[in-house]
Amino acid sequence: DEVLSENKLRQNPYIAHADAYINIKGELILNIKEREAILRIYLSDNSSFYMDHEGKLFPLCNWFTPRLLIANGYINAPEPEGLSSIQDSTYAETALPELYELAKNITSRPFLNSQISQIYINSIGEYNLTPELGNHSIRLGQMDHLDKKLRNLETFYRKKLVREGWDKYEIINLMYTNQVVCTKK
């Protein structure tokens, strides 16, 4: 029964979409789209889970660990059981909706997606980013003007750090409007 097969497959948290049908030969055909994580979230008790492009939260996989953006720090959220969503009322007052917006913005920009490896939320709710290249910290601050801050960061990387070197600065601060303020080492 195609409907029964599709419903059973949709209960699997690793499956984003399932389509089942029987062809003319009587064979059961399954088309499955795997859920793709954009972020791995670590809670303070060191438990972790994934978030996908749609804001769905799902458990870790036992047989594969994808290389992707990591979020940790002061994340006040319960660990999801099975498949959940950041739209659930359970997560409305947590950092997960903002983490989703930030991860979506970073992963949609190829340069930043390859450069940013970690999001850290400090004790006062400000966001810091850790780069893949360079020994510096990026202070994003609050989520206001996120698109502008990330565009400024990408422009700074492409125009300034490429010429001056990845290790010239200790802190790249994006917290000020329309400015990139840096602290030299």
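These exercises work through the sheet, two helices and the core of a predicted model.

**Exercise 1. Give the strand order of the open sheet, and find which strands stand at its edges.**

Solution.
- Begin with the order. The open sheet has 10 strands, arranged β7-β5-β4-β3-β6-β8-β9-β10-β11-β12.
- Next, take the pairing sense. It is mixed.
- Now go to the edges. β7 (84-85) and β12 (181-184) stand there.
- Each of these two has a single partner strand, so one side of each is left without a neighbour in the sheet.

**Exercise 2. Follow the chain from β9 through β10 to β11, and state how β10 pairs with β9 and with β11.**

Solution.
- Start with β9 (residues 127-131) and β10 (residues 137-141). They run antiparallel and are joined by 3 bridges.
- Pick out one pair: L129 has I138 in β10 as its bridge partner.
- Look at the turn. β9 and β10 form a hairpin with 5 residues between them. G134, in that turn, has a positive phi of about 95°.
- Move to the other neighbour. β10 pairs with β11 (residues 169-173) in the parallel sense, over 3 bridges.
- Return to I138. Opposite this residue stands I172 in β11.
- Trace the connection. From β10 the chain passes through helix α4 (residues 146-164) to β11, and this β-α-β crossover is left-handed.

**Exercise 3. Place α2 and α4 on the strands, then describe how these helices pack.**

Solution.
- Take α2 (residues 96-107). Strands β3, β4, β5, β6, β8, β9 and β10 all lie under its span: α2 lies across them, at about 140° to β3.
- Take α4. This helix lies across β8, β9, β10, β11 and β12, running at about 150° to β11.
- Compare the helix axes. α2 and α4 pack at an angle of about 35°, and their axes are 11 Å apart.
- Assign the hand: the crossing is right-handed.
- List the contacts. E101, L102, N105 and I106 of α2 meet L146, D147 and L150 of α4.

**Exercise 4. Which residues have the most contacts inside the largest nonpolar core, and what does L102 touch?**

Solution.
- The largest nonpolar core has 38 residues.
- L39, L96, L102 and I119 have the most contacts inside it.
- Single out L102. Leaving aside residues up to four places away in sequence, L102 touches I119, Y127, L129, L140, M143, L146 and L150.
- Link back to the helix pair: L146 and L150 are in α4, and L102 is in α2.
- Link back to the hairpin: L129 is the bridge partner of I138.

Note on methods. Residues numbered from 1 in each chain as written. Predicted model: local features only at pLDDT ≥ 70, side-chain atom pairs only at ≥ 80, totals over all residues. Heavy atoms only, no water. Core = buried A, V, L, I, M, F, W, Y, C linked by side-chain atoms within 4.5 Å. Buried < 20%, exposed > 50% of the residue type's maximum accessible area, 1.4 Å probe, protein only. Contact = heavy atoms within 4.5 Å. Pairing = 2+ DSSP bridges. Helix = DSSP H or I, 4+ residues; strand = E, 2+ residues; numbered from the N terminus. Right-handed = clockwise from strand over helix to strand, strands pointing away. Axes fitted to C-alpha atoms, helices over the stretch in contact; angles between N-to-C directions. Left-handed = near helix turned anticlockwise from the far one by under 90°.
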